Amino acid sequence: MGTLAKEKDKKDQEITTTIARRTRIALSMNNMTSADLMRATTLGAGTISELLNAKKSVYTYTLVRVAEGLGVSMDWLCGLSDKPKMGK
């Protein structure tokens with residue numbers, strides 16, 4: 001694997017880890033469990049588990065559903081903003 005591909009893989013893993021960490025933070029802020037998140041998003045248990053454990057990259061659709069279900073911005077979930085809520 002070339003240097004550029006290794007750098008991309010590293011960055012992808014950092015983003016995936018940030019999304020997992022911030023999803024767990026938002027669950028805690030909302031006093032929610034992973035089962036609550038499943039109900040709020042209609043995503044399956046496997047998808048939620050992979051997200052919370054940073055097992056693979058997350059589809060945009062999944063990010064949108066999780067952000068809506070937790071009441072946080074996608075930018076915050078991805079580590080692009082320090083403000084969890086939109087417009088606050």
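Helices here are DSSP runs of H or I of at least four residues, numbered from the N terminus. The close-ups below come from a predicted model.

**View 1. Asn 31, a non-glycine residue with positive phi, sits in the loop between α1 and α2.** The loop in question links α1, residues 3-29, to α2, residues 34-41. Check the backbone here: Asn 31 isn't a glycine, yet its phi is positive, at about 50°. Buried or exposed, then, for Asn 31? With a relative accessible area of 70%, Asn 31 is over the 50% cut-off, so it counts as exposed. For a sense of where this loop lies, take Val 72, which is 41 residues away along the chain: the two C-alpha atoms are separated by 14 Å.

**View 2. The loop between α2 and α3 holds Thr 42 and Gly 44.** α3 itself covers residues 45-52. Thr 42 is another residue other than glycine with a positive phi, this one near 60°. Its relative accessible area is 60%, so Thr 42 is exposed. Gly 44, in that loop too, comes out as partly exposed, with a relative accessible area of 35%. How far apart in space are Gly 44 and Cys 78? C-alpha to C-alpha, they are 21 Å apart, with their positions 34 residues apart in sequence.

**View 3. α2 packs against α3 in a right-handed crossing.** The two helices meet at an angle of about 120°, and their axes are 10 Å apart. The range that counts as roughly perpendicular ends at 115 degrees, so this pair is described as oblique. Which residues make the contact? α2 contributes Ser 34, Leu 37, Met 38 and Thr 41, while α3 brings Ala 45, Ile 48 and Leu 52. Sort the residues in this contact of α2 with α3 by class and you get five nonpolar, two polar and no charged ones.

**View 4. α2 also packs against α4, the helix formed by residues 60-70.** Here the angle is about 110°, with the axes 9 Å apart. Since 65 to 115 degrees counts as roughly perpendicular, that is the word for α2 and α4. On the α2 side, look for Leu 37, Ala 40 and Thr 41; across from them in α4 are Arg 65, Val 66, Gly 69 and Leu 70. This contact of α2 with α4 has four nonpolar, two polar and one charged residues.

**View 5. Thr 41 of helix α2 is a buried residue with a polar side-chain contact.** Its relative accessible area is 0%, so Thr 41 is buried. What does the Thr 41 side chain have beside it? One of its polar atoms lies 2.7 Å from the backbone oxygen of Leu 37. Set aside neighbours within four places in sequence, and Thr 41 is in contact with Ile 48, Arg 65, Val 66 and Gly 69. Ile 48 is one of the α3 residues from View 3, whereas Arg 65, Val 66 and Gly 69 are among the α4 residues from View 4.

**View 6. Ala 67 in helix α4 and Val 72 in the loop between α4 and α5 touch each other.** Ala 67 has a relative accessible area of 5%, so it is buried. Val 72, at 6%, is under the 20% cut-off and therefore buried as well. Beyond neighbours within four places in sequence, Ala 67 is in contact with Val 72, Ser 73, Met 74 and Leu 77. For Val 72, leaving out neighbours within four places again, the list reads Ala 26, Met 29, Ala 67, Leu 77 and Pro 84. Leu 77 shows up for Ala 67 and again for Val 72. As for Pro 84, its C-alpha is 9.5 Å from that of Ala 67, at a spacing of 17 residues along the chain.

**View 7. Ser 81 lies in the segment after α5, the helix of residues 74-77.** Which backbone atom does the Ser 81 side chain reach? The partner is the backbone nitrogen of Lys 83, at 3.0 Å. Neighbours within four places in sequence aside, Ser 81 is in contact with Arg 22, Asp 75 and Trp 76.

Technical notes: Residues numbered from 1 in each chain as written. Predicted model: local features only at pLDDT ≥ 70, side-chain atom pairs only at ≥ 80, totals over all residues. Heavy atoms only, no water. Buried < 20%, exposed > 50% of the residue type's maximum accessible area, 1.4 Å probe, protein only. Axes fitted to C-alpha atoms, helices over the stretch in contact; angles between N-to-C directions. Parallel < 35°, antiparallel > 145°, perpendicular 65-115°, else oblique. Left-handed = near helix turned anticlockwise from the far one by under 90°. Contact = heavy atoms within 4.5 Å. Nonpolar A, V, L, I, M, F, W, Y, C, P; charged D, E, K, R; others polar. Polar contact = N/O pair within 3.5 Å; in protein donor to acceptor, adjacent residues only side chain to side chain.
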